[in-house]
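Here are some exercises to work through with the structure open beside you. Try each task on your own before reading its solution.

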Amino acid sequence: MSPSGATTLPSSTAPLPGDSPEDIVLKRLRADAANSGLTEADLQDPRLTDLYESRHNGITHLYLRQQHEGIAVYGGDLNANLDREGRLLSYHSSFVPGLASEINTTTPTIAAELAVRNAANELGLPAPAALTLSVPSRGASRRTIFEGGTLSRDPIPAELMLLPRPDQTTRLVWNTVLRLADGRSWYDLNVDAVTGRVLSRHNWVASADGNYRAFPLPVANPDDGRRANPDDGGRALLTDPHDLTASPFGWHDTNGVAGAEFTDTRGNNVRAQEDADADDFGGFRPNGGSNRVFD
């Protein structure tokens with residue numbers, strides 16, 4: 001089934017005394033079950049991946065990841081926003097409705113090492129005869145870490161995840177990441193944990209974060225920029241300026257899964273917008289479209 005999408009709520013949606021932010025969000029999801037299609041089983045034991053408060057306006061931002069029997073859903077994320085009083089203002093959910101009925105299995109047929117080797121073969125890399133184990137399998141996801149060796153600049157993680165498919169099925173996969181020696185390729189791959197076939201691959205580096213007409217570093221403000229470079233007011237067109245260590249998925253990603261959550265000026269570092277009435281809420285944000293072109 002398709003993810004449950006975005007919902008904006010009236011500010012009068014109030015919490016009960018003692019409710020945690022997670023309690024508030026899950027209660028609302030249960031109340032919205034008729035619209036979202038989510039069942040009680042879909043909402044069992046989601047993983048809290050992030051929780052923080054924006055000090056300037058008191059908005060609490062909550063991020064959850066859907067799980068089944070302790071195995072996370074790839075891309076099955078939810079973010080929600082609560083005001084100072086704990087009232088739920090809005091949420092966006094990519095939880096899979098009716099998840100349990102779509103899953104093929106929760107027991108892998110192939111081992112993590114074979115999955116990594118298949119991922120390497122998919123990329124045309126000569127896989128070594130054996131991988132060196134760094135951290136042995138643990139937990140429901142059987143998370144395992146191998147030494148990078150000749151395959152990756154970094155240690156190679158492999159863990160079980162559930163991958164929703166376009167045909168309304170959800171497959172058990174080994175998710176792994178390989179950062180290649182050329183420095184231009186950093187792959188996130190999902191390998192079917194039963195058949196060993198690579199079902200998806202995404203090159204984080206090749207996926208352009210966007211183009212921005214902005215004041216390049218080390219310019220600290222517009223006046224300095226204009227003095228340094230009078231052309232175009234000191235601005236320059238910057239392509240993919242994000243730091244790959246601090247923001248490996250780009251500036252517009254907020255949940256740590258490849259792919260942008262926003263196409264306007266929001267992301268993992270700032271929420272930039274017009275605020276003519278000085279209320280720290282609402283206001284116009286430029287939108288760069290699906291290719292995130294802010295020129």
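**Exercise 1. A residue in a loop**

In the loop between which strands does arginine 142 lie? Once you have located it, describe its phi and its exposure, then do likewise for glutamine 168.

*Solution.* Keep in mind throughout that this is a predicted model.

Step 1: Arginine 142 sits in the loop that runs between strand E6 (133-138) and strand E7 (143-146).

Step 2: Check the backbone. Most residues other than glycine have a negative phi. Arginine 142, though not a glycine, has a positive phi of about 55°.

Step 3: Check the surface. With a relative accessible area of 35%, arginine 142 is partly exposed, because that class covers values between 20% and 50%.

Step 4: Move on to glutamine 168, which lies in the loop between strand E8 (156-164) and E9. Its phi is positive too, near 70°. Glutamine 168 has a relative accessible area of 45%, so it counts as partly exposed.

**Exercise 2. How far to trust the model**

Find where in the chain confidence is lowest and where it is highest.

*Solution.*

Step 1: Begin with the whole chain. The average pLDDT is 83, and 82% of the residues score at least 70.

Step 2: Go to the extremes. Strand E1 (residues 5-8) has the lowest confidence, with a mean of 45, and E7 has the highest, at 97.

Step 3: Look around the weak spot. The pLDDT is below 50 over residues 4-13, a stretch that has 27 contacts in the model beyond near neighbours in sequence.

Step 4: Draw the practical conclusion. Where pLDDT is low, the predicted coordinates should not be read in detail.

**Exercise 3. The strand with two hairpins**

Take strand E10 (residues 186-192) and work out how many of its residues are buried and how it is joined to E9 and E11.

*Solution.*

Step 1: Count the covered positions: 7 of the 7 residues of E10 are buried.

Step 2: Sort the residues by direction. Trp186, Asp188, Asn190 and Asp192 point one way, while Tyr187, Leu189 and Val191 point the other way; all are buried.

Step 3: Follow the pairing with strand E9 (residues 170-179). E9 and E10 run antiparallel and are joined by 7 bridges, with leucine 178 opposite tyrosine 187. The two strands make a hairpin with 6 residues between them, and glycine 183 in its turn has a positive phi of about 75°.

Step 4: Now turn to strand E11 (residues 198-203). E10 and E11 are also antiparallel, with 5 bridges, and valine 191 stands opposite valine 198. They too form a hairpin, here with 5 residues in between; glycine 196 in the turn has a positive phi of about 85°.

**Exercise 4. A pocket and a small sheet**

Which strand gives the most to the lining of the second largest pocket, and how does that strand pair?

*Solution.*

Step 1: Describe the pocket. The second largest pocket has a volume of about 700 Å³. Its lining consists of 24 residues, with Tyr212, Ala214, Trp251, Val270 and Ala272 nearest its centre.

Step 2: Split the lining by class: 15 residues are nonpolar, 6 are polar and 3 are charged.

Step 3: Name the main contributor. Strand E12 (residues 211-214) gives the most, with 3 residues.

Step 4: Place E12 in its sheet. The open sheet has 3 strands in the order E13-E12-E14, with mixed pairing. Strand E13 (236-239) and strand E14 (293-294) are the edge strands, each pairing on one side only.

Step 5: Zoom in on one pair. E12 and E14 run parallel and are joined by 2 bridges. Here tyrosine 212, one of the residues nearest the pocket centre, stands opposite phenylalanine 294.

**Exercise 5. Packing of a helix**

List the buried residues of helix H1 (residues 21-31) and the elements they pack against.

*Solution.*

Step 1: The buried residues of H1 are Ile24, Val25, Leu26 and Leu29.

Step 2: These residues pack against helix H2 (33-36) and against strands E3 (59-68), E4 (71-82) and E5 (88-93).

Step 3: Stay with E4 and find glycine 75 in it. Glycine 75 is partly exposed, at 29% relative accessibility. Its C-alpha atom is 7.9 Å from that of leucine 163, although the two residues are 88 apart along the chain.

Conventions:
Residues are numbered from 1 along each chain as its sequence is written. This is a predicted model: local features need pLDDT of at least 70, side-chain atom pairs count only at pLDDT 80 or more; totals for chains, interfaces and linings use all residues. Side-chain values use heavy atoms; hydrogens and water are left out. On a 1 Å grid over the protein atoms alone, a cavity is a set of points where a 1.4 Å probe fits but cannot get out, and a pocket is an open set with protein on both sides within 12 Å along at least five of seven lines; lining residues have an atom within 4 Å of a point. Grid points are joined across faces, edges and corners, and a volume is the space filled by probe spheres set on the points. Helices (H or I, at least four residues) and strands (E, at least two) are DSSP runs, numbered from the N terminus. Ala, Val, Leu, Ile, Met, Phe, Trp, Tyr, Cys and Pro count as nonpolar, Asp, Glu, Lys and Arg as charged, and the others, Gly among them, as polar. Buried means under 20% relative accessible area, exposed over 50%, partly exposed in between (1.4 Å probe, protein chains only). Contact means heavy atoms within 4.5 Å. Two strands pair if DSSP finds at least two bridges between them. pLDDT is the predictor's confidence in each residue, from 0 to 100.
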